[in-house]
Amino acid sequence: MTRLTAWFSEGRSTGKHTLPFVVILLSVTILASAANLFLPADSIFYVSTYTITLLGKYLCYAMLALAVDIIWGYCGILSLGHGAFFALGGYAMGMYLMRQIGDRGVYGNPLLPDFMVFLDWKELPWFWLGMDQFWFAMLMAVLVPGLLAFVFGWLAFRSRVTGVYLSIMTQALTYALLLAFFRNEMGFGGNNGLTDFKEILGFNLQADSTRVALFLITAILLAVIFVVSQKILSSRLGKVVLAIRDSESRSRFIGYRTDRYKVWLFVYSAVIAGIAGALYVPQVGIINPGEFSPINSIEMVIWVAVGGRGTLIGAVIGALLVNYAKTRFTAIMPDAWLFALGAMFVLVTLYLPKGLMGLYGQLKAKRNTVMNKESQA
Amino acid sequence: MSTLDSTREFFRRDQVWPFLAPEQAAVNVDNQVILYVEGLNLSFDGFKALNNLNLYVNDGELRCLIGANGAGKTTLMDVITGKTQCDSGTVFFGQNHNLLNKDEAEIAQLGIGRKFQKPTVFEEQTVFDNLELSLKTDKRVLPTLFSRLTPTQIDHIDEVLKTIGLAKHRFMLAGALSHGQKQWLEIGMLLVAEPRLLLIDEPVAGMTAQETERTAELLTSLAGERTVIVVEHDMEFVRSIARTVTVLHQGSVLAEGTMDQIQSNKDVIEVYLGEEAAAGEQA
Amino acid sequence: MRRITLRHCIALCCCLFGLLSLPSSGAESTSLDPLLVELGEAKMKDVEPILVRIEAASDDSILPLFRTLLEGNLYYIEAEGQVVGQFDVDGQTVYKDVFTQQVRSDLQKGDVGKIRVNNKLRGYLRNAMARIQLTAKSPSVRERAVRELLSKLDDDTVEVLEGLYPNEPNKKVKDVMGLALAMSTASQTQLAPSNRIAAIEKMSTSLESDVRNLLNRLTRDDSAAVVDAANVALEKIAQRVNRFAFVDQLFFGLSLGSVLLLASIGLAITFGVMGVINMAHGEMIMLGAYTTYVVQLIMPNYIDYSIWVAIPAAFLVSGLMGVLIERLVICRLHGRPLETLLATFGISLILQQLVRTIFSPLNRQVSTPSWMSGSWEINPVLSLTLNRLYILAFALLVFIVLVIVLKKTSLGLNVRAVSQNRNMAKAMGVKTNWVDAMTFGLGSGIAGIAGVALSQLTNVGPNLGQSYIIDSFMVVVFGGVGNLLGTLVAAFTLGIATKFLEPTTGAVLAAILVLVFIILFIQKRPKGLFPQKGRAAE
Amino acid sequence: MKIKTLTSAIVLSGATLIALPSLAADTIKVGVLHSLSGTMAISETTLKDTVLMMVDEQNKKGGLLGKKIEAVVVDPASNWPLFAEKGRELLTKDKVDVIFGSWTSVSRKSVLPVLEELNGLMFYPVQYEGEESSKNVFYTGAAPNQQAIPAVDYLMNELGVERFVLAGTDYVYPRTTNKILEAYLKGKGVAEKDIMINYTPFGHSDWQSIVSDIKKFGSEGMKTAVVSTINGDANVPFYKELGNQGISSEDIPVVAFSVGEEELSGLDTKPLVGHLAAWNYFQSVETPENEEFIKAWHAYTKNSDRVTNDPMEATYIGFKMWANAVTKAGTTDVDAVEQAMIGQTTPNLTGGVAVMNKNHHLSKPVLIGEIQDDGQFEVVWETDGVVAGDAWSDFLPGSKDLISDWTAPIKCGNYNTKTKTCSGQNY
């Protein structure tokens, strides 16, 4: 029996991070929120709204990192196009918020968003219909990325486009979307994107309380997604996914339809990215095609690489660390930042193939093998 | 049948839709033959890997495939297991399963297991997990997600672990196993899947003498309830296990029969054993 | 065969007339001087009438003055009430008498004031010079002069032409003059329709845009016969124009294709042959472009030859950088393509930031050699720009050389050996490390050469590489990895496709459609147009 | 376990670090919100230096209200959401009294809500599409009617142009400008078929077909001109293609609104001589103020080749006016300064006097310059007197009834003169 429990923890070395992570995450967020809401601004422990929104943004990135890690770290599919799913989710939310402005736009047009008015559009394009309903918009926020991921994945994985080809195709995908959303004819506000939001579900977006609420929701959703993903990945499906990563053809020869597994995992990951995007937009206050740019998608990958792919916790840590570093660096010495980022790419891939968590894991693995030796003796 | 009926048929509660249902129609082996390979042709830009190859394997027999390198042994297995598409010919599993229009996964689910020349196991996972993954279960996505290990399954795995002598190493990462152990693990993965037909490519390569012996025993013991096709270069090994031997040469069957018949067969001697003998004398 | 631009021909006949007018120039100046003073002192809007009077008061000998003025090099010496040309002789400014070309070393910048011209004046000057050049010695100059005048055929111009037409020796020039006269006949409503129709038929053989415009006007003529004739003529012309338009578009496609080819061919080697995803490929191109810039900095007075220096230089710079990267990073990531992708992406960031810090984030100015600028005018509706012609040829040349290198040289042999079976090659005693480094160097070097070519078309800035990397990958993947021919075909296919889409869809949508097409295509044929077959491919 | 506590520690400390209120003594703080990295760095770094230079000079003169001015520079890295974030950082963390920043419209739009929420003050120094007027922003760049419309007038009246190609990069500034121009031209009786509109993506580099289309369009007997709102990087290949296809400025002049000295320094201008640009400022204009400014600039950058351009002048004017307004108001309080700004005057670098109007836009002269072979512009035409910037274009159906007036009693950025209502305000 002890053996079995031992095996349990062995097979799923990430499993036991879950609880502490959730606890820490939630407690930190709750503390920060409380500090922001209830402490006087001059208190030393006061957390400014600026910080809250910043942390909120980081958490969205962490969620995004999870999405990337799930397919890259666990299934070995390197997607350089996750920015696309993120942005699509964001646009869905953006469109909702845009519709919420109603007649408070600069032109006071009750139906059309401002950019449509001055581009002289007469009526709302069909894909904007229904976006004034929160539930519908949120449905879109997960459906559209999910659908895109499904179609793309279904095509790609069934025809066994793998490895580098797939990465390049995903990059092409997000690039194509970038170009498309830049076009003003598309009716997504072109380069300016969607901005100048007023309120969400009737709550003023500028109000601290709303920001804190959004921040909390982000944290909770991150925790939920973390736990669910953990559960999925530690089920047998998780093992199959790992098997596919290590030797796809072998997995096929023992009877798994690997393409289907990959498609569904890809969709799941895309949906997470979409949710992250939807949470990101109201907190930063703008969504524009820049989010589609391939370089963003690649940056997400490096978060995961730094934190340690193949471990959910690693992805989160990576996202938080890199972005925190970015915020600090770009403030201090903007030029150095790109050098630092570049160097990070090179060094991590060369010396930390499994990132920080990998480092930690290696040490543990050593200990375990020693233990095994003893148990055999 | 009217559209109404067809829709009703489509939505019948008491059955799953065909595209969801696993193709579990039993293998029909009424006339004792489990594998029909007929007129198989395949060429890689010009080079004919398979040349009008015909092969029939009886249910429950243990068949050895021998032949010089490039004779088409591995390619044949590739075609049977759906890894490679052939240019022309037919491959039937029993009388009712045409393997050529199925992919690897379907073929595997039909009960055809394969072991590769170079041992391929899931190195990042434990021996136990490797076996768990290979269990004969519903391999579709959702069932896999919610599946639990039943006690019987665990017992089954433990049993196999004993047979392949890795009981001690069940929690070890497969990557940490020795070459021979990997070979065994891979065989174990075949066993735990309870296939009808096993395709085994050079099982004893890199095994010690006694390991080889045990493999021989295992394979012979398997024959009967399962059908086993073994590709092997080690003639000693072949001699020790073989009932029927098929000699492939340049993509087609050169000779077939018992070991003795084969050894006495002229063209075999010149194209294959000749070399072997020569090699043997030198060694 | 190059288009002789206006400047050239003027230059030509100017030295010519400069010589001729030497003796007479004294006499000239007397009648001109007051006008020149006016010219020097006039406000810009008053200049044109003065020019008219100058033209009236003088003959060919005035050309150098007009030319200098047209080029904005004419200065006015207030002290002397004289005009003088400012010229740039290797580096320093020199003042010369526009007529006698004598150097005025005594003048300083302070003594002279520029006589400014604007587009209106330039337009006038060009026509004026054309009028004068109708009698130029060189036929080509005369022909160009007549063509120049087709746009405004006022009565006295026609008169002059009628005078010149009968005893014009040169066939081509005579035809153009004939055309001009025909145009004037056709446009004169008082003439009998029959003559005008004859003239229109004569015109219908020409592709000159002025002819078309005149015909268009004639379709609103009172005489029905003329209208019909004009319509027929237009129809006839339209057919030919469309034919040439198609050729033009094809050329655009090919040219875009050649750019894609140049950008992607280096990648076809590093990615295709070595299987290394080099995200820094774009930066290799960028380095090449910057090398061109530096070369031009070093030899500012020999821009025309700079390219020939830049090509090998760029090859070396990018090549060495490539070898460096291979040795330091990529060689440690064998068999881990995805990691290579990330690492090289990091390198690309570093390289970009590097040039930003060294050369500033601003775009750098790379000037086009004179022999590459301008265009080859086959006829009035079809003219191919020279720089693109050269680049097209250059791209093909590079391609051929590369193929030869890979097929014939020992390096090529080794490269192919390693790409097909690394271990076997190693066993055969091939220095795989060395081969890898060389291959990567080769690929990067060629990217550098591409940079030289691109510097002639687009910005030389830190983001140069970024804008080509995705396209290059598309080309290589589409063409089939490890297959140079595939790359060639893919590049031109995509180039032409884009160019034929653009008119209907617009540039952006064309780009998107092409991308989507490739994505879908790859789903259908994961190994591209020309896949590698057999076990080697697995 | 360790790692997680570590990270949480970091996150927390980070939080507190960021949150720590800045303890700077009583200096007047000027925030600089220009991208120093990324695609926009090319243009914006110059403006950052300009502001720093102005701050230096002001401090040499003894600062403002007896306090030194301290510049706080942040880098939004050409990433639009970052503009909002950094703007918030400047206002809440660094507590700056004014911000000079933004280049692209999208960056301004991104930071705008933050400014209005926290009641900050920003000076926006770039020519833009108009259709905006916020209480918290002063627009010192040109509105369409201060650049596009005079340029078109020049083309029609001086050069007798009858056909127009409106070529632009596909984003909001060209879109709006071209909409305005289209309406304006039609108003002037230019036929539909004589206006060709074309949009290209950012950094478009293959101009062959478009330029040859323009060539065809121009060869149909009527005098044709190109009105270019092509953005930054795409210009170099565009002009190169023009040069190579032998389109000279006499045949088809190109008048550009986004090409200044800075952009020209990136390409060989010989083939471009005679093409036009419309700005409120050219480096070549000879006035004592300008010469002094250029001298100061060269001294500050320690590089005598650095060019000056229109957005720099806009920054210059903006800063001077702000300084005056602060002195006038006697405080840096946003509302006070905002009121004091209106009616402020500052001599232009090109002569004449710039006035800040009720709609937070400037009255400035408009100049048309021809490109010279030395990369400078030669002024060939200028408006007599100044043109008042118009926040809401009269040529767009959406905005023809809108005006902006920040003085009592209207106090509204978009006041509808028909319905007498004020819409779209965040407070």
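The following exercises, with worked solutions, concern a predicted model.

**Exercise 1. Domains of chain C**

Determine into which domains chain C is divided, and how many Å separate the centres of domain 1 and domain 3 of that chain.

Solution. Begin with the division: domain 1 of chain C covers 6-133, domain 2 covers 139-222, and domain 3 is made of 244-372 + 383-537. Next, take the centres over C-alpha atoms; those of domain 1 of chain C and domain 3 of chain C lie 49 Å apart.

**Exercise 2. The side of chain A that touches chain C**

Establish how many residues are in contact between chain A and chain C, and which element of chain A gives the most.

Solution. Counting residues in contact gives 38 in chain A and 32 in chain C. On the side of chain A, two or more residues come from each of α6 (134-158), α7 (163-182), α12 (294-307) and α14 (334-351). Of the elements there, α7(A) gives the most, with 14 residues. Finally, sorting the residues on this side of chain A by class yields 29 nonpolar, 6 polar and 3 charged.

**Exercise 3. Helices α9 and α10 of chain C**

Describe how the axes of α9(C) and α10(C) cross, and identify which residues meet.

Solution. Helix α9 (residues 209-218) and helix α10 (residues 224-273) of chain C have axes that come within 8 Å and cross at roughly 145°. The crossing of α9(C) past α10(C) is left-handed. From α9(C), the residues C:Arg212, C:Leu215 and C:Leu218 take part; they meet C:Val226, C:Val227, C:Ala230, C:Ala233, C:Leu234 and C:Ile237 of α10(C). By class, this contact comprises 8 nonpolar residues, no polar residues and 1 charged residue.

Note on methods
Residues are numbered from 1 along each chain as its sequence is written. Chains are lettered from A and ligands numbered from 1 in the order in which they are written. This is a predicted model: local features need pLDDT of at least 70, side-chain atom pairs count only at pLDDT 80 or more; totals for chains, interfaces and linings use all residues. Domain bounds come from an automatic or database domain assignment. Two residues are in contact if their C-beta atoms, placed from the backbone, lie within 7 Å. Helices (H or I, at least four residues) and strands (E, at least two) are DSSP runs, numbered from the N terminus. Ala, Val, Leu, Ile, Met, Phe, Trp, Tyr, Cys and Pro count as nonpolar, Asp, Glu, Lys and Arg as charged, and the others, Gly among them, as polar. Axes are lines fitted to C-alpha atoms, for helices over the stretch in contact, and angles run from 0 to 180 degrees between N-to-C directions. A crossing is left-handed if the near helix is turned anticlockwise from the far one by less than a right angle, and right-handed if clockwise.
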